[in-house]
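Me: I'd like to learn how to read the places where parts of a protein meet. Can you walk me through one example?

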Amino acid sequence: MTPFQVKDCGLLVRMSGLPSAINLRELRERIAACSENVLFHHFCETQLRPAFDHPDYRNDFAVWAKWYLSDRVLAERLGILDPFSMSSLEELRAVTLDIIDERLSEVAMIPSAAQGDEFFFLETTTVVFHTEEQVTHPRDLAKTIKDMSNGSVYYHFLEARRREPVGTDDFSAWLKEEEKKNAKYIRALESIDFYFHSLGNLKEDIVAALRKVDRKR
Amino acid sequence: MSDRLSAYEGIVGSSRITQLRRIGKKLGGIRVVHVNSTRQGGGVAEILDWMVPLMREAGLDATWEVIEGTDDFFEVTKNIHNGLQGRPVDLSHRGWKIFQEVNEMNMERLRPTLTDADIVVIHDPQPAFLLPLCSERKGKWVWRGHIDISRPFRPVWKVLRTMLEKYDASIFSMCEFAQALPHTQYIVPPSIDPLSSKNRDLDMSELENVRARFGLDPERPLLVQVSRFDRFKDPVGVIQAYRMVRKVLPVQLVLAGGTATDDPEGKAVLEDVMEVAEEDPDIHVLNLPPNAHETINALQRLADIILQKSTREGFGLTVTEGMWKGKPVIGGDTGGIRLQVVNHHTGFLVNTPEGAAHRIRYLLHHQNRISEMGAVAREFVRENFLLTRHLREYLTLFLAIRRETDVRRLEV
């Protein structure tokens with residue numbers, strides 16, 4: 001197998017250029033018009049931002065609905081969305097808009113935030129760092145992942161799904177170089193319900209899943 | 001190989017330092033000039049104090065220039081500062097003229113440096129007019145706003161905006177501060193230097209010296225607010241909160257601050273604070289010189305609880321400093337304090353002296369929460385608000401703006 005090259009990453013955040021949204025109708029308009037990078041940031045890159053391990057919801061739209069629109073029904077509906085289960089960001093956008101449209105049809109007054117609590121649309125530049133580290137054998141993968149930074153876990157397990165081969169994490173893509181031989185590792189990684197984890201928890205789960213396979217060998 | 005960058009490996013890990021060196025190498029020794037209005041006093045000077053040497057060690061040709069101004073000029077810029085933070089101010093045509101003239105005077109001195117620089121970073125509004133005066137500039141100019149301009153006093157913002165529009169990019173500490181400008185606006189929270197004299201570990205003897213010097217009682221809880229004597233920091237509100245707690249608990253309060261050369265209002269605020277303190281022996285109002293870093297460090301370490309009851313705040317580096325020392329922070333529910341103080345995790349956000357008093361009493365009655373929150377606070381700072389993260393984002397930003405277009409991915 002080709003050695004697996006470990007990378008790390010960080011984000012440089014910038015304003016998307018879209019006006020902020022102060023109510024649910026404006027949020028809908030902006031989500032309909034924003035770039036896929038903006039959508040990806042507010043659904044997926046939230047993991048790399050300063051936060052504590054157990055926020056109510058993983059995506060920014062659900063958090064904003066709960067705290068600033070005080071609409072817990074909408075927050076719960078948006079909060080369960082798993083962007084990585086969708087076939088594309090366009091599908092994610094369509095589902096998100098559908099949930100908001102449904103909510104707009106239910107409420108008597110449009111939920112609105114106070115001035116100063118608007119939703120700001122952001123996007124990022126991902127800075128990818130090449131490290132000297134590499135893995136040459138699948139049995140060493142768990143040990144390497146255990147020592148990885150959150151940036152590396154994010155890059156290889158979450159961000160990877162946006163790159164070719166789309167929908168696959170980097171570890172699985174590497175293991176598929178010898179798919180038959182590594183089938184148990186691949187299945188173990190596939191079994192992880194990862195989106196609602198913090199990166200710290202996700203790392204623990206990946207390591208545990210791989211080690212379980214090692215023990216059975 | 002630089003020693004100073006390596007010194008942070010023990011705190012953030014060697015991979016983070018390797019990353020900084022890699023980006024620095026990729027930037028290939030570009031010439032970067034930072035410009036602000038004071039060498040000492042306040043968060044901006046403290047940031048530049050470490051950032052410029054570390055940029056040099058990462059391989060950039062970085063320098064730091066300070067504009068010189070008259071008393072009149074700093075009166076005007078204080079008004080601009082207050083106006084940007086939302087206070088209605090009376091800025092006359094003459095005031096803006098003084099602002100421009102002092103920038104022109106400084107431009108004559110700085111012209112060769114600024115014209116040839118690959119990147120110029122102008123910090124805060126004071127030197128903002130330098131760009132319109134540098135028509136022959138070769139590099140990219142970035143405006144870095146350190147203050148909360150989320151709801152500026154419009155007449156001040158409208159004039160300043162005409163200057164800022166000409167920049168190639170701007171940087172804000174939080175997205176809430178960004179304004180409609182015709183260029184890319186980056187969001188980069190500031191940070192602290194864990195090895196600086198203000199944040200390094202201190203021996204017990206150093207703490208005891210400071211405790212004795214200011215006559216602080218080791219047997220009674222100590223509340224500390226460190227900040228410039230500035231009305232937006234609400235020192236009077238802190239005294240009000242202390243008095244509410246003092247009725248039931250024998251606390252002591254330290255209000256430690258100083259004034260900066262670019263802040264003419266500090267003296268008046270200090271006088272107000274002294275008057276409100278009414279010679280209470282348990283209120284220690286300390287007007288410290290700008291280089292009293294070890295003293296500030298010791299006071300923060302001696303504190304049971306750190307206060308930062310600001311009503312407007314750009315970021316609040318004193319909050320970060322307190323958290324790094326393992327203390328819970330009771331902070332004003334505003335600006336960058338919201339990024340750092342998370343209720344029940346690292347401290348409490350409050351809106352009134354009453355709210356502050358309530359949270360002080362809660363913590364003093366739950367001593368275990370003080371240590372638990374303090375430990376969480378320190379790790380939160382390690383992960384998010386140390387200078388290595390800050391430096392990495394600046395260097396990345398330099399790479400990005402030199403490419404002309406917004407890039408989705410950079411490989412280093």
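**Where the parts meet**

Reply: Start with two strands: β2 (residues 122-135) of chain A and β13(B) pair in the parallel sense over three bridges. Keep in mind that this is a predicted model.

Me: Which residue in β13(B) is the bridge partner of Val128(A)?

Reply: That's Glu411(B). So much for strands; now the whole contact.

Me: OK, how many residues of each chain are in contact?

Reply: Chain B puts in 34 residues, and chain A puts in 34 residues. Another way to look at it is by area: the two chains bury about 2800 Å² between them, with 55% of that on carbon and sulfur atoms.

Me: And how many salt bridges does the rule find across the interface of chain B and chain A?

Reply: Six. For a salt bridge you look for a side-chain nitrogen of Lys or Arg within 4 Å of a carboxyl oxygen of Asp or Glu. Take Arg408(B) and Glu159(A): their closest N and O atoms are 4.0 Å apart, and they form a salt bridge. Polar contacts are counted too, and between chain B and chain A there are 18 residue pairs of that kind.

Me: Which elements of chain B supply at least two residues each to the side that touches chain A?

Reply: They are α3 (14-27), β6 (184-187), α15 (367-384), α16 (387-401) and β13 (409-411). The element that gives the most is α16(B), with five residues. If you sort that side of chain B by class, you get 15 nonpolar, seven polar and 12 charged residues.

Me: Can the same reading work inside one chain? What domains does the assignment give for chain B?

Reply: You read it in the same steps. Domain 1 of chain B is 3-191 + 386-401, and domain 2 of chain B is 204-384. Taken over C-alpha atoms, their centres are 28 Å apart. The contact takes 30 residues from domain 1 of chain B and 27 residues from domain 2 of chain B.

Me: What area is buried there, and which residues of domain 1 of chain B lose the most area?

Reply: About 2400 Å² is buried between the two domains of chain B, and carbon and sulfur atoms give 55% of it. On the domain 1 side, Lys78(B), Gln85(B) and Leu386(B) lose the most area to domain 2 of chain B, together 23% of what that side buries.

Me: Which residue does Lys78(B) form a salt bridge with?

Reply: Its partner is Asp230(B), and the closest N and O atoms of that pair are 3.4 Å apart. The rule finds three salt bridges across this interface between domain 1 and domain 2 of chain B, along with five residue pairs in polar contact. On the domain 1 side, α4 (43-57) and α5 (71-84) of chain B each supply at least two residues. The largest share, four residues, comes from α5(B).

Me: Now chain A. What are its domains, and how many salt bridges are counted between them?

Reply: Domain 1 of chain A is 4-8 + 129-216, and domain 2 of chain A is 18-120. The count of salt bridges between them is zero, but the rule does find five residue pairs in polar contact. In the contact, 14 residues of domain 1 of chain A meet 19 residues of domain 2 of chain A.

Me: How much area do those domains bury, and which three residues of domain 1 of chain A supply more than any other three?

Reply: The buried area between the domains of chain A is about 1400 Å², and carbon and sulfur atoms give 62% of it. Tyr154(A), Arg162(A) and Tyr195(A) supply 51% of the area that domain 1 of chain A buries against domain 2 of chain A.

Me: One last thing: what should I look for in the backbone?

Reply: Look for exceptions: most residues other than glycine have a negative phi, and most peptide bonds are trans. In chain A, a cis peptide bond joins Glu164(A) and Pro165(A), with omega about -10 degrees. Pro165(A) is in the loop between α7 and α8 (170-175) of chain A. In chain B, Glu279(B) has a positive phi, near 55 degrees. You'll find Glu279(B) in the loop between α10 (266-277) and β9 (283-287) of chain B.

How values were computed
Residues numbered from 1 in each chain as written. Chains lettered and ligands numbered in written order. Predicted model: local features only at pLDDT ≥ 70, side-chain atom pairs only at ≥ 80, totals over all residues. Heavy atoms only, no water. Domains from an automatic or database assignment. Contact = heavy atoms within 4.5 Å. Buried area = accessible area lost by both parts, 1.4 Å probe. Polar contact = N/O pair within 3.5 Å; in protein donor to acceptor, adjacent residues only side chain to side chain. Nonpolar A, V, L, I, M, F, W, Y, C, P; charged D, E, K, R; others polar. Pairing = 2+ DSSP bridges.
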